Every structure is written in structure tokens, then in C-alpha cells.
Amino acid sequence: MDMEFLQSIASNPYWDDEASSLDYLCPLKCSWTVEASPDSHIGPFKHALDFLVPLGTRIYAVADGIIIEIQEHCNIGGDGQEFRDYLNYVTIQHDNGEFSQYCHLARGSVSKRAWKIRDYIRTGDEIGDTGISGWMDKPHLHFILFRNDTNPANPLHRRIDGGWVFKSLKLRF
């Protein structure tokens, strides 16, 4: 999804203020700062959070669920859209139908803990470590909670690249 498309749908009120149905555990057990949403946290990514933490910070599952995606082979990152395809991340599907996604992970840090797709993970289990991967200007954990959204009013239905049709949710920790 490119920035031009995101900007074209960003002001749609469809993205406003839907909250998660549960309270979640924080994905970090250290002190952290949440950065004001950068320019890319718009539209379907509106409620994503960037936790500013040092490289190598351990990341924890916010709730029980099944790992449905793991991308962890990259060690390239930088401050530009050309780095977006080098993102390492894990996506977990939770019992309530919501999903959590943990981004900018260190290469190999998930498999080092022996996690695989379809593994059941418990609240507080260690997932991986923060690293350099994808579009980033400083070390951080990009965290998003979302749900699949098949509502025809969702502006993502106009996409033609076959990606997820989703909506980020306001977090409750």
C-alpha cells in the first residue's frame, strides 16, 4: 500500500474511534515512550502505536492466539518508502477475532524462540526482539491491533493489490 493511496483515504471518517473489544497486555515489559503518530499512521493504520525502545528489546504477546504470519528474514531498514518491503513482523489472531501485529523485529528473533505459523501463543509469551527492518527512522516497535473488515463502506475495498481489508482499533491496555 503506497502513501499516495493512504493519503487519498486518510480523512474518511470510517477510520475513527472503533475500540478493541478486550483489554490487552502491553507488548513491552520495560520503560517506553509512545511517539506521536507519524505520517504513515493514517487511514486503516490510524490507531497503530510506535513504542520507542532500544534495539534488542524483548516483545511479548498481548493476548492468547494463533500465529498466522511470520516474516523475519530481513536485516535492512531505513527512512524511506523504498524500505517498506523489508519489514519483519508477526501477526497473531486472537480468540475474539481481532489480530495483533508486531513490526520491526530483528531477523531470526522469532524462530530463535521456535515459534512457527499455527503455533498457539499465550498472553505474555516472548515473541521476538526489536531490530532494524523495514521503513523506520529510529528503533521502535510498531504495534497495531486490527480486525478484518468486509464492510463495503471500508475504503480499502477499492484496492486492487489483493492485500488485507482491515481496520485498526483503538487499544485498551
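These are my notebook entries on a predicted model of one protein chain.

**Entry 1. Overall layout**

I began with the secondary structure and counted one helix and twelve strands in the chain. Read along the sequence, the helix comes before the strands, in the pattern α-β-β-β-β-β-β-β-β-β-β-β-β. I then looked up the dimensions. The C-alpha trace spans about 40 × 35 × 30 Å along its principal axes. The radius of gyration is 15 Å, which agrees with the value near 16 Å for a compact globule of 173 residues.

I noted the burial and contact totals next. Of the 173 residues, 45% are buried. Among contacts with a separation of 6 or more, 74% are between residues 24 or more positions apart. The chain exposes about 8500 Å², and carbon and sulfur atoms supply 50% of that area.

**Entry 2. Strand β2 and its partners**

Which strands pair with β2? I found β1 (residues 33-35) antiparallel to β2 (residues 49-52), with three bridges between them. In this pairing Glu35 stands opposite Asp50. I also found β2 running antiparallel to β11 (residues 140-148), joined by four bridges. Here Leu49 of β2 faces Phe143 of β11 across the pairing.

**Entry 3. Strand β7**

I followed β11 to another partner and recorded six bridges between β7 and β11, again in the antiparallel sense. Tyr102 of β7 stands opposite Phe143, the residue of β11 that also stands opposite Leu49.

On the other pairing I checked, β6 (residues 89-94) and β7 are antiparallel over five bridges, and Gln93 is opposite Phe99. The two strands form a hairpin with three residues between them. Within that turn, I read a positive phi of about 90 degrees for Gly97.

Is β7 enclosed or open to the outside? I looked at burial along residues 98-103: six of the six residues are buried, so the strand is largely enclosed by the rest of the structure. In a regular strand the side chains alternate between the two faces of the sheet. In β7, Glu98, Ser100 and Tyr102 point one way, while Phe99, Gln101 and Cys103 point the other way. Both sets are buried.

**Entry 4. Aromatic pairs**

I searched the whole structure for aromatic pairs and got seven. One of them is Trp32 with Phe51: the ring centres are 4.7 Å apart and the planes are at 85 degrees, so I logged the pair as edge-to-face. Trp32 sits in the loop between α1 and β1 and Phe51 in strand β2, 19 residues apart, and the pair links distant parts of the chain. I checked burial for both partners. Trp32 is partly exposed at 34% relative accessibility, whereas Phe51 is buried at 0%.

The rings of Phe45 and Phe166 make another pair, with centres 5.2 Å apart and planes at 65 degrees, so this pair is also edge-to-face. The partners are 121 residues apart, Phe45 in the loop between β1 and β2 and Phe166 in strand β12 (residues 166-168). Phe45 is partly exposed, with a relative accessible area of 21%. Because the limit for buried is under 20%, Phe166 at 8% counts as buried.

I then asked which residues share an aromatic cluster with Phe45 and Phe166. The cluster also takes in Phe99 and Phe146. Phe99 is the β7 residue noted above as opposite Gln93.

**Entry 5. Lysines over rings**

I looked for lysines over ring faces and recorded Lys29 over the face of Tyr60, at 4.3 Å from the ring centre. I also recorded Lys167 over the face of Tyr14, at 4.4 Å from the ring centre.

**Entry 6. Positive phi outside glycine**

Where is His104, and is this residue buried or exposed? I placed His104 in the loop between β7 and β8, where the residue is buried at 4% relative accessibility. Its phi is positive, about 75 degrees, although His104 is not a glycine.

Ala114 is found in the loop between β7 and β8 as well. I read its phi as near 70 degrees, a positive value in a residue other than glycine. Ala114 is exposed, with a relative accessible area of 52%.

Conventions. Residues are numbered from 1 along each chain as its sequence is written. This is a predicted model: local features need pLDDT of at least 70, side-chain atom pairs count only at pLDDT 80 or more; totals for chains, interfaces and linings use all residues. Side-chain values use heavy atoms; hydrogens and water are left out. Two strands pair if DSSP finds at least two bridges between them. Buried means under 20% relative accessible area, exposed over 50%, partly exposed in between (1.4 Å probe, protein chains only). Rings of Phe, Tyr and Trp (its six-membered ring) pair if their centres lie within 6.5 Å; planes under 30 degrees apart count as stacked, over 60 as edge-to-face and the rest as tilted. A charge sits over a ring if NZ of Lys or CZ of Arg is within 6 Å of the ring centre and within 35 degrees of the ring normal. The radius of gyration is taken over C-alpha atoms; the globule rule is 2.2 Å times the number of residues to the power 0.38. Contact means heavy atoms within 4.5 Å. Accessible areas come from the Shrake-Rupley method with a 1.4 Å probe; for residues, only the protein chains shown count as cover.
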